[in-house]
Amino acid sequence: MQATVGKGRKFSAIWVIPLVTLLIGVSMVVHTWLTEGPTITLEFATADGLEAGKTKVKLLNVEIGLVESVSIKPDLSAVTATVKLDPEVRSLLLDDTLFWIVRARVGAGGVSGISTILAGAYIEMEPGSGSIKQQHFVGLEEPPLTPLDAPGLRLTLFSDRAGSVSAGNAILYRGYKAGRIETMTFDTELRKVRYDIFIDAPFHELVNSSTRFWDMSGVSLKASAQGLEIEAGSLDTILLGGVAFGSNPNLPLGTAVESGKEFKLYSSYQKILENPYSHGAHYVVSFKQSLRGLVPGAPVEYRGIEFGRVERILIKELAALGLVGTGQAIPVLIYLEPGRLEVGDNPEAVKQLQQVIEQGVRSNGLRATLETGNLLTGKQLISIDYFPDQEDAELLHFEQYTVIPSIETGIARLEQQVSAFLEKLNALPLEETVSGANKVLGEADDTLASLTAVVNSANSLLSNDHAKALPAELAATIAELRGLLSGYAPESEMGQSLGSSVSTLNATLASLDTLIRQLSIKPNSIIFPVAPESDPIPEAHPK
Amino acid sequence: MKSLLLLATLFVAGCTSSVPTLNKYLLRSDAAPQFAGEPATAVVGLGTLTVASYIDGLGLVLETDEGKIREARDNQWAEPLRESLRSYLAQEIAAQAKQVIRARSSGEIDGQRRIDIRIDIRIDELHGTASGEARLVAYWTVFDTTERKITVESGLVESERLSADGYPALVAAEKVLLRRLAAAIAAKL
């Protein structure tokens, strides 16, 4: 009997079981992948408050994720937190999304995050509005004081000194809180303190290109002959510091500004009134004359109108070039402000001024001169004006500054003028003039006769009774003057009153001295008074 | 909220400290005022009256130790000494000399009499001492404005024991010393 060889079954039913298992497994993976939220990494300076498996991520105080792990970066510069988020927030992870750790904080901006003392720190998320999706973020060390989309203006202030102003302090407009200082950093390039500030709407409409910002922290004391003036802001600004803004009454209304505009932070409102202009240009003027009496701050004038000031004498720069003692003219750095000439306080006006100076020097004889401003004190000033007799000149440079050519004044200038006069005198046709003069002399006899008549009239006038009475009136006037002056003598009432006023002023200044001494020893004594020490009691001693 | 907290703190701090009483002493002469006297041959008046700067404040000054002084904060003259001394001494000198003494010269011109005899006074010391006394050091000159020369030049260094403890006794002792100064000046007129 022959065995029958038949075709075996190609697919065994037993394989259905692993296939179904595989399908179920794949569907589970797909389901898990589809329902699982995104995993992101956050970078922070330290892991203070972060705990793997415990620290939550919140959005508007709703839990949206959990920190899975915290690790230190290989270069030890920061820590990286791996965070698992809910799938609903996947669409919110954009390039400008912000994360920061909410901890208990006590600062100038106030007290925040008290609840985290018991519940533990958490990570707060602020959704972005960008267009690029992102999985790695650098967390903020400080929570943002103002939401990114808040209506208002973001500006930058620069100050030479940090003073009492710091992040979180208020920005005030006429004493009303109108914004805040968000960050405070030191710009190493500009060597200035930089403040990023936010002005809330609708106060941002009050800011324009003429707006000035000033530090109004603490208490300002000013003693003068008119008395003692004390200026202080609100209690917040006295204790914590603050910045005010407003318009300078001496400046025209400026143009509207946009976010990102930079302003200078003045140390006081008084400084704004003293230096209201914010745009200008530096120039150098060199003199071979004596600079005695020319000090930093001395005015630079154009026909008596002050439009700049002397910044400093560049003797150090001249020494660096090895030119001191060689008879070289001494360079003086000046700062010119076009705003003072009412041509605008903006970069365009500065350019216009530079063009006028360049054109003036090249073809109109514009020169700088050193002039005496005060005969009594010997203070000098720099005058810039047109001298048509000067030849055309080119603008030179000293260091990075453009040099305005100068001419000498005073005796040196006088010598030049005398020399020019003599040259002109030599060129005169003297012989012709002398012959002409002979004719004139013939006519002079008539003139002499007229002069004699005038003298006779004068004699008759002096013999007049009124003229004779003049000496007596003069004597009376002198007597009156003597009486008047006696009223100003030290023993007079006026002198005594003046002496008393000066003594009162001295006593006031002495009291102020005591106050300043007390404040320097204990600055907070203005708020928290020192327990007064009672007066010593005079004791009568028995004989 | 911050401001309220700060205000509350300040309020509490303010409540915990008591404010000492300020005592003010008026320097006035007890002598009868000489509003009108016998027509004097010469008009006499006070000229310059200066006080040492350490007693130019309002607080009464007490020497607590050798060379150390304390200006009282809670015991003060009612008006600066340079003001009150003028009227006090003028009245005291007038009472002693039995003639009107002008407390101030007013720079008279023709038609009015000007001061003929001018008294200039300088108070160098006027304070309480640690040994229970009041001390006065003064220097004065009499100047003839017609002859334009100093006719008398003198000084006074005196002390007076305090009758009791406290500032009222110190003020009383200082008044006694000033009265002696007025008597010394009046004797030389």
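Visitor: Does Lys98(B) count as buried or exposed?
Guide: In this predicted model, Lys98(B) has a relative accessible area of 62%. The cut-off for the upper class is over 50%. Because 62% lies over that cut-off, Lys98(B) counts as exposed.

Visitor: What is the phi of Lys98(B), and in which loop is Lys98(B) found?
Guide: Most residues other than glycine have a negative phi. Lys98(B) is not a glycine, yet its phi is positive. The residue is found in the loop between H2 and strand S5 (101-102) of chain B, and its phi is about 55°.

Visitor: Which residue of chain A has a positive phi although it is not a glycine, and where does it lie?
Guide: The residue lies in the loop between strand S3 (62-72) and strand S4 (79-85) of chain A. Its relative accessibility is 68%, so it counts as exposed. Its phi is about 60°, and the residue is Leu76(A).

Visitor: Which two residues does a cis peptide bond join in chain A?
Guide: Most peptide bonds are trans. Here, however, omega is about 5°. The proline of this bond is found in the loop between strand S13 (192-200) and S14 of chain A. The two residues joined are Ala201(A) and Pro202(A).

Visitor: What pattern do the helices and strands of chain B follow along the sequence?
Guide: Chain B has 189 residues, of which 43% count as buried. Its secondary structure comes to three helices and eight strands. Read in order, these follow α-β-β-β-β-α-β-β-β-β-α.

Visitor: Which element of chain B gives the most to the largest nonpolar core?
Guide: The core holds 45 residues, and among the members that touch the most others are Leu85(B), Leu89(B), Ile93(B) and Leu181(B). Several strands and helices of chain B each supply at least two residues, including strand S2 (44-51), strand S6 (117-128), helix H2 (81-97) and helix H3 (167-188). With 11 residues, the element that gives the most is H3(B).

Visitor: Does Val137(B) count as buried or exposed, and how far in space is it from Val157(B)?
Guide: Val137(B) has its place in strand S7 of chain B. At 13% relative accessibility it falls under the 20% cut-off, and therefore it counts as buried. Val157(B) is 20 residues away in sequence. In space, C-alpha to C-alpha, the two are apart by 4.5 Å.

Visitor: How many cavities of 30 Å³ or more does the structure hold, and which strand gives the most to the lining of the largest cavity?
Guide: A search of the whole structure finds one such cavity, and the largest cavity holds about 40 Å³ of space. Its lining includes Ile55(B), Trp77(B), Leu126(B) and Glu174(B). Three lining residues come from one element of chain B, strand S3 (residues 59-65).

Visitor: What classes of residue make up the lining of the largest cavity?
Guide: The lining residues include Leu60(B), Val61(B) and Leu81(B), together with Gly59(B). Gly counts as polar and Leu and Val count as nonpolar. By class, the lining has six nonpolar, one polar and one charged residues.

Visitor: What is the angle between the planes of Trp214(A) and Tyr269(A)?
Guide: By the rule applied, there are seven aromatic pairs over all chains. In one of them, Trp214(A) and Tyr269(A) lie 4.8 Å apart, centre to centre. Trp214(A) is in strand S14 (residues 211-215) and Tyr269(A) in helix H4 (residues 269-274), so defined as elements of chain A, with the two positions 55 residues apart in the sequence count. The pair is tilted, with an angle between the planes of 50°.

Visitor: Which of Trp214(A) and Tyr269(A) counts as buried, and which as partly exposed?
Guide: Tyr269(A) has 31% relative accessibility, so it counts as partly exposed. The relative accessible area of the partner is 15%. That value is under the 20% cut-off, and therefore the buried residue is Trp214(A).

Visitor: Over which ring does the charged end of Lys58(A) sit, and at what distance from its centre?
Guide: Chain A has another lysine placed over a ring face: Lys261(A) lies at 5.8 Å from the ring centre of Phe263(A). Phe263(A) also belongs to a cluster linked by ring pairs, with Tyr173(A), Phe213(A) and Phe245(A). The charged end of Lys58(A) sits over the ring of Tyr122(A), at 4.4 Å.

Methods
Residues numbered from 1 in each chain as written. Chains lettered and ligands numbered in written order. Predicted model: local features only at pLDDT ≥ 70, side-chain atom pairs only at ≥ 80, totals over all residues. Heavy atoms only, no water. 1 Å grid on protein atoms, 1.4 Å probe; cavity = no way out; pocket = protein on both sides within 12 Å on 5 of 7 lines; lining within 4 Å. Points joined across faces, edges and corners; volume = space filled by probe spheres on them. Helix = DSSP H or I, 4+ residues; strand = E, 2+ residues; numbered from the N terminus. Phe/Tyr/Trp six-rings, centres within 6.5 Å; stacked < 30°, edge-to-face > 60°. Buried < 20%, exposed > 50% of the residue type's maximum accessible area, 1.4 Å probe, protein only. Lys NZ or Arg CZ within 6 Å of the ring centre and 35° of its normal. Core = buried A, V, L, I, M, F, W, Y, C linked by side-chain atoms within 4.5 Å.
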